[in-house]
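Here are some short exercises to work through with the structure open beside you. Try each task before you read its solution.

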Amino acid sequence: MSYPVFPERDMTGTWRNTGGTNRDTVGTEWDALNSQENLSAGTKTYTVSELTTCIKDLLEGNFSSVSLEGEISNCKPASTGHLYFTLKDKNAAISAVMFKGRMRSLTFTPGDGTLVRVRGSVSVYPPRGSYQIIVESMELAGTGNILLMLEERKRRLAAEGLFDSERKRQLPFFPTRIGVVTSPTGAALRDILQIVRRRNPKVSVTVFPCVVQGTEAAPSIATMIKTANDFSMADVLIVGRGGGSLEDLLPFSEEEVVRVVSESKIPVISAVGHEIDWALTDYAADVRAPTPSAAAELATPLLTDITQQLEDRRRDLLQQVQSKMEKMRLLVKSFTPDSLELRFRTIEQPLLARFDTAKEALLNGMQIKCTEARFRIDKALKDLEGANPTAILARGYSVVTDKKTGKVIRSDEEVSSGSVLEIKPAKGSFTALVQ
């Protein structure tokens, strides 16, 4: 990179090139300034456009490729996909823009307060008379920025639910196989094997060797975790390594590894570094252990503790069975023939009393209904008998009809002299001639 060269006045007041390396680039502008200086103030006046063009040529010609480090401020993603922001330090600030096509290469999401290192070119925007840097590439700067990158990744993965407590599972009470995803030559593996052997020699350990540092570490770790799950090669997995710098532990915070840990069907214990160290696998795993040794203790229950718990459970179960049997014996003793008959009578007597009461009520109701029915029948017979025409004739009445028409005679006006009438008393009949 060539360093910028700025014109200065010498002791005589003439503009000169202080650096000399870019004299050909900006010579025209300096010559113009010197020429203008030698003229009287009123002879030539620059327009705003001419001065801005001169500044534009000067800046863009000398700052076509620069590298800057600063903190992002006033970050404003545009709807077009471009990113506009201000890059600043404690003394100065510069406007910056990163176009959509370059945004795709970012491995993190820029935001206010992020310390970054950018590479690009200086550009002047004449309509506003302002200058800015057009960013071609951007990366996080320094150790502190690794932490910012991890925090941003942590927030993004947490928003996807990878760290939710609902996803966490209990470790198996008595695992028979423990899988260890770590370096086969590291001290962490030796510590784990020693602790497992001491706590419970009946538990077997399957080592899934992988690279735990460098660019190849994350794919190697993820592959071993997938292999353990695909073939169900363990009851619980310990994923980790010994202590190291923040950069050394970065593979356990790579998104690929975090997702595989979160999706593991086998319960996972994350054991990365020492107690003060941390990685994103700590949040995605079912259990986080401060050290690999602590992970081995969490995964491997003491054989003596298991034996004692089984003995306690056996004793409690036996006592409960004996207590239940004793209660059953006492209950059975109370069921003698006499006591059973008495209990049956006690249950039967109220039912019999209810039955007798219901029977009496039914008989009384039927008796009342029969009496009422008999009374109504007698009354109907009397009414029917009273309305019988034969009975009326038996009391001395007769039915008189016109013999010719058969019409019943009810009034003397219905007959005339010479009419022949038929008279029907209760028995027999006879005729009469009306005179």
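The exercises below deal with confidence, nonpolar cores and salt bridges in this predicted model.

**Exercise 1.** Find out which element has the lowest mean pLDDT and which the highest.

*Solution.* Start with the whole protein: its mean pLDDT is 84, and 89% of the residues reach 70 or more. Now go through the elements. Strand β1 (residues 7–9) comes out lowest, with a mean of 41, while strand β8 (residues 177–182) comes out highest, at 97. Then look at the chain's start: over residues 1–30, pLDDT stays under 50.

**Exercise 2.** Work out which element gives the largest share of the largest nonpolar core.

*Solution.* First, the core itself: it has 29 residues, and Val-181, Ile-221, Ile-225 and Leu-237 have the most contacts inside it. Next, its suppliers: α6, β10, α7 and β11 each bring at least two residues. The winner is α6, with 6 residues. To see one member up close, pick Ile-225: beyond its sequence neighbours up to four places away, it touches Val-181, Leu-237, Val-239, Val-260 and Val-261.

**Exercise 3.** Explain why the salt bridge of Arg-156 and Glu-255 ties together parts that are far along the chain, 99 residues apart in sequence.

*Solution.* Begin with the pair: the side chains of Arg-156 and Glu-255 meet at 3.1 Å, N to O. Arg-156 sits in helix α4 (residues 142–159) and Glu-255 in helix α7, so the bridge connects parts 99 residues apart. Next, check a second pair, Glu-160 and Arg-259, which meet at 2.9 Å. Here Glu-160 is in the loop between α4 and β8, and Arg-259 is in helix α7. Finally, put them together: shared partners join Glu-152, Arg-156, Glu-160, Glu-255 and Arg-259 into one network.

Methods:
Residues are numbered from 1 along each chain as its sequence is written. This is a predicted model: local features need pLDDT of at least 70, side-chain atom pairs count only at pLDDT 80 or more; totals for chains, interfaces and linings use all residues. Side-chain values use heavy atoms; hydrogens and water are left out. pLDDT is the predictor's confidence in each residue, from 0 to 100. Helices (H or I, at least four residues) and strands (E, at least two) are DSSP runs, numbered from the N terminus. Contact means heavy atoms within 4.5 Å. A nonpolar core is a set of buried Ala, Val, Leu, Ile, Met, Phe, Trp, Tyr and Cys residues joined through side-chain atoms within 4.5 Å. Buried means under 20% relative accessible area, exposed over 50%, partly exposed in between (1.4 Å probe, protein chains only). A salt bridge is a side-chain nitrogen of Lys or Arg within 4 Å of a carboxyl oxygen of Asp or Glu.
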